[in-house]
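Student: Could you walk me through this model, beginning with what sits inside?
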Amino acid sequence: MDAYLEEELYDLITHCIQNGPSSPDYESKKQRASEIGRELYSDGGADAMENMYFAIENRIKEEIQKDAKPYRSWWNSITDEWKY
């Protein structure tokens, strides 16, 4: 399941990076990314979130030469352990 979630999260964040917050589906993609974070947290805690986001940041940096770090804050409301 993690591979599926990683691929989906990658697609969501890549779309948001490339299309920006003015995109009509930006908020729905942001909400789904937050849901993925909650799923990860419930399954493996903050470590699972950190591992997934680390992989996403590296893929985005290598594949589209963009920075995914600003999108980490989308998960801030999930747990106090996640503060970005």
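**Core and helix packing**

Tutor: In this predicted model, the largest nonpolar core (buried Ala, Val, Leu, Ile, Met, Phe, Trp, Tyr and Cys residues joined through side-chain atoms within 4.5 Å; buried means under 20% relative accessible area with a 1.4 Å probe, protein chains only) has 23 residues, and those with the most contacts inside it are Leu9, Ile13, Ile60, Tyr71, Trp74 and Trp75. Local features need pLDDT of at least 70 and side-chain atom pairs 80 or more, while totals for chains, interfaces and linings use all residues. Residues are numbered from 1 along each chain as its sequence is written, and side-chain values use heavy atoms, leaving out hydrogens and water.

Student: Which helix gives the most to this core?

Tutor: H2 does, with ten residues, and H1 and H2 each supply at least two.

Student: What does Trp75 touch, sequence neighbours aside?

Tutor: Not counting residues up to four places away in sequence, Trp75 touches Leu9, Ala33, Ser34, Gly37, Leu40, Met49, Met52, Tyr53 and Trp82, where contact means heavy atoms within 4.5 Å.

Student: At what angle do H1 and H2 pack?

Tutor: Helix H1 (residues 2-19) and helix H2 (residues 26-64) pack at about 60°, with their axes 7 Å apart; helices here are DSSP runs of H or I, at least four residues. The contact of H1 with H2 divides into 17 nonpolar, three polar and nine charged residues.

Student: Switching topic, is Arg59 buried or exposed?

Tutor: Arg59, which lies in helix H2, counts as buried because its relative accessibility is 19%. Leaving aside neighbours within four places in sequence, Arg59 is in contact with Glu6, Glu7, Tyr10 and Ile64.

How values were computed: Axes fitted to C-alpha atoms, helices over the stretch in contact; angles between N-to-C directions. Nonpolar A, V, L, I, M, F, W, Y, C, P; charged D, E, K, R; others polar. Buried < 20%, exposed > 50% of the residue type's maximum accessible area, 1.4 Å probe, protein only.
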